[in-house]
Amino acid sequence: MQSAAQSDVVLSVKDVKKRIGGKMIIKNVSFDVRSGEIFGFLGPNGSGKTTTIRMLVNLIKPTSGDILICGSNVQRDPEEALRHIGCIVENPEVYSYMTGWENLEHFARMQRGIGQDRIAEVVDIVGMQHRIHDKVRTYSLGMRQRLGIAQALLGRPKLLILDEPTNGLDPKGIKELREFVRMLADQGMSLFISSHLLSEIQLMCDRVAIISHGEVLAVGAVDELVNQTGSYVVWQFDDPEAGRRLLAAEQGIRFVKEDEHRIDESILAGLKEAVITSMDADRITALVEKAVHAGIGVASVQRIAPTLEELFLQLTEGESIG
Amino acid sequence: MDRLLPLIQNETLKIWKKKRFYVVVLVLIVLIPVFTYAQLKIAETNRKNFKDWRNQLVQQINEYQNMLSSERIPEEWKRNRRIAVQQLQYYLDHDVNPNSPDGVTFTRSFMANAVNLFYPLLVLAVASDLVSGERSAGTIKMLLTRPVRRWKILFSKLIALTLYVSLTVVVSAILCYLISGAVFGYGGWGMPVFTGFVINGSTVESTYVHAVPQWLYVLMEGGLIWVSSMTVAILALMVSVLVRSTAASIVTMMAAVIAGTILSTMSSSWESAKYVFAVNLQLTDYLAGSPPPIQGMTLSFSLIILAIWSAIGLIVSFGVFTKQDIMN
């Protein structure tokens, strides 16, 4: 399946650069999105994510480079290329003075062959049957988001582009979105999702491109990239000192000092006197057993993924060495 | 073309749903009765003072002539009055009352007075946010990422705008007639109105003067108002492409139009002001034979100037809209 997917590239970005006001905003961006995959686009705010997305959908013209969607060049043949994509750039902005249904009719008229039945179908997919005939200005953000997605799905796109889709959603909404994205991918659609949160990309995406200061640092499978960086294992013992001694006696376990890690404060806040280590996660079970034998109670053990920042450090270091 | 029709439908629908045209109609419905009432008062006073409309004309002519002999009146005014006297005399000689109070006459004079400020204002209510509104609401991102070339989107906006400008001219004339007719009566269709005055310095040449029935005159007025309104509409469309905020776009256009009105009252010495579009908006004056704001301006001159401004407006609008990066 992997090899079949590789031959089928939905979106191809080649050496794209963009200069705005004499400044290179996008220095070099290249990646491919394959058919049926969920592709993450990860970078901190201001790294050029949105500018890149705007170039993908023909809102901004690249200074140089090519963007091909299903083989058609977005700049030269937008009518053909944009037929294959649906997108929400930043917020789902639809006409607030019309109803949801009227909005969908409006966008349906901009493409050939989308009738009332297809509109009803996408309304069904996003589960908006009850409110679709209300004015959009009465919608919550979550509902606008759904309407935006419904609009993007109208033309049966091969690729759906979502820019920071979880922004402003509550945890329930985020979970629903994740499930929804997975469902679309299972139906064979490719998804391109941007985010500044590594955890989000980890939860949703198969592959990822990491962008910083207008340059793509790495493209690859999400798991591989994360494993490369190595995750933390955080221990909580009944007797922290004894636990520390036990771990220190083992080979290949490194203690991480307070100022060395970049784990989110909010995660550590609930873990009093935690021992933070960097080690092979496969050994956790054996070590827990050992501690129990030694009479040291283990209150909790958890793996904590590295933060985006750490991933960046890793990647940029790798670059300077290479 | 079959691809453009649904786009034009979209744009027409959006303007309608935004209730912009309601505003236009509402403004007309409020203002026309006000003017009708004012006109009624004038008519009453005239009836009290003059048994015959001819006496009124004679009195007016006398007044103007007195003014002409005064030395404190600026030369510019005198020129206007001299021409007015000749025209009034012409009406008197041909036994036609230029101010007969009826629905059609009211409509005629209302439209003539509205051409340089009121119509542009109504047009701006529709045109100013056609593009800037989509930008400030962010909907332009949805609009321009659909598989439609940008020029088609702007073109469909232009067609929708043309539609509403035409509708504004027609609806205003109809409302004017209906509302004022209720007070003055619905007559006056066939009343002869003189047109074809050729102004030559400070005299009126009457060789080409001929009478047309008033309905035809109103129709001609409507056509000229349409031309000047379309020029304003196209320039407003251009400004709304260039400027991000709708407020800025309205202010820019209003300033231009008002500046034009002010210029036309004071610019007899600054001759090149005649190339400013807003000075040329008062096309109906050529029909009535009022002296132009700047000597040497003629109907065809004004039409050419407006056409040039419109062409530039369209070139800039399409040029910028199809190339610009949507950053915000």
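The paragraphs below go through a predicted model, beginning with chain A as a whole and ending at its contact with chain B.

Chain A has 322 residues, and 52% of them count as buried. Its secondary structure consists of 13 helices and 14 strands. Measured out along the principal axes, the C-alpha atoms fill a box of roughly 70 × 50 × 40 Å. Among the contacts in chain A with a separation of 6 or more, 71% are between residues 24 or more positions apart. The area that chain A exposes is about 15100 Å², and 48% of it is supplied by carbon and sulfur atoms.

One helix of chain A shows what burial looks like residue by residue. Helix α2 of chain A covers residues 49–56, and seven of its eight residues are buried. The buried ones are A:K49, A:T51, A:T52, A:I53, A:R54, A:M55 and A:L56. The list includes the lysine A:K49 and the arginine A:R54 as well as the isoleucine A:I53 and the leucine A:L56. After α2(A) comes A:N58, which has a positive phi, near 70°.

The next topic is the contact between the two chains. It takes 35 residues from chain A and 34 residues from chain B. Together the chains bury about 3200 Å², with 53% of that area on carbon and sulfur atoms. Within the area that chain B buries against chain A, B:M142, B:R146 and B:P147 supply 23%, more than any other three residues.

Polar and charged groups also meet across this contact. There are 20 residue pairs in polar contact between chain B and chain A, counting pairs with both residues at pLDDT 80 or more. The number of salt bridges between the chains is five. In one of the salt bridges, the side chain of A:E93 meets that of B:K141, with N and O 2.8 Å apart.

Which elements of chain B give two or more residues to the side that touches chain A? They are α1 (4–17), α7 (132–137), α8 (140–144), α9 (150–184) and α13 (299–323). The largest share, seven residues, comes from α1(B). Sorted by class, this side of chain B has 13 nonpolar, eight polar and 13 charged residues.

Two residues let the reader look at the contact in detail. The first is B:T139, found in the loop between α7 and α8 of chain B. Is B:T139 buried or exposed? B:T139 counts as buried because its relative accessibility is 1%, and the cut-off for buried is under 20%. Leaving aside neighbours within four places in sequence, B:T139 is in contact with A:E93, A:V94 and A:Y95 of chain A, and with B:E134 of chain B. A:E93 is also the residue whose side chain forms a salt bridge with B:K141.

The second residue is A:Y97, in the loop of chain A between β6 (85–88) and α4 (100–108). A:Y97 has a relative accessible area of 14%, so A:Y97 is buried too. Not counting residues up to four places away in sequence, A:Y97 touches A:K135 and A:R137 in chain A, and B:K14, B:K17 and B:K18 in chain B. From A:Y97 to A:R83 the separation is 14 residues in sequence and 26 Å in space, C-alpha to C-alpha.

How values were computed:
Residues numbered from 1 in each chain as written. Chains lettered and ligands numbered in written order. Heavy atoms only, no water. Contact = heavy atoms within 4.5 Å. Buried area = accessible area lost by both parts, 1.4 Å probe. Salt bridge = Lys/Arg side-chain N within 4 Å of Asp/Glu carboxyl O. Polar contact = N/O pair within 3.5 Å; in protein donor to acceptor, adjacent residues only side chain to side chain. Helix = DSSP H or I, 4+ residues; strand = E, 2+ residues; numbered from the N terminus. Nonpolar A, V, L, I, M, F, W, Y, C, P; charged D, E, K, R; others polar. Buried < 20%, exposed > 50% of the residue type's maximum accessible area, 1.4 Å probe, protein only. Areas by Shrake-Rupley, 256 points an atom, 1.4 Å probe, with all protein chains shown as cover.
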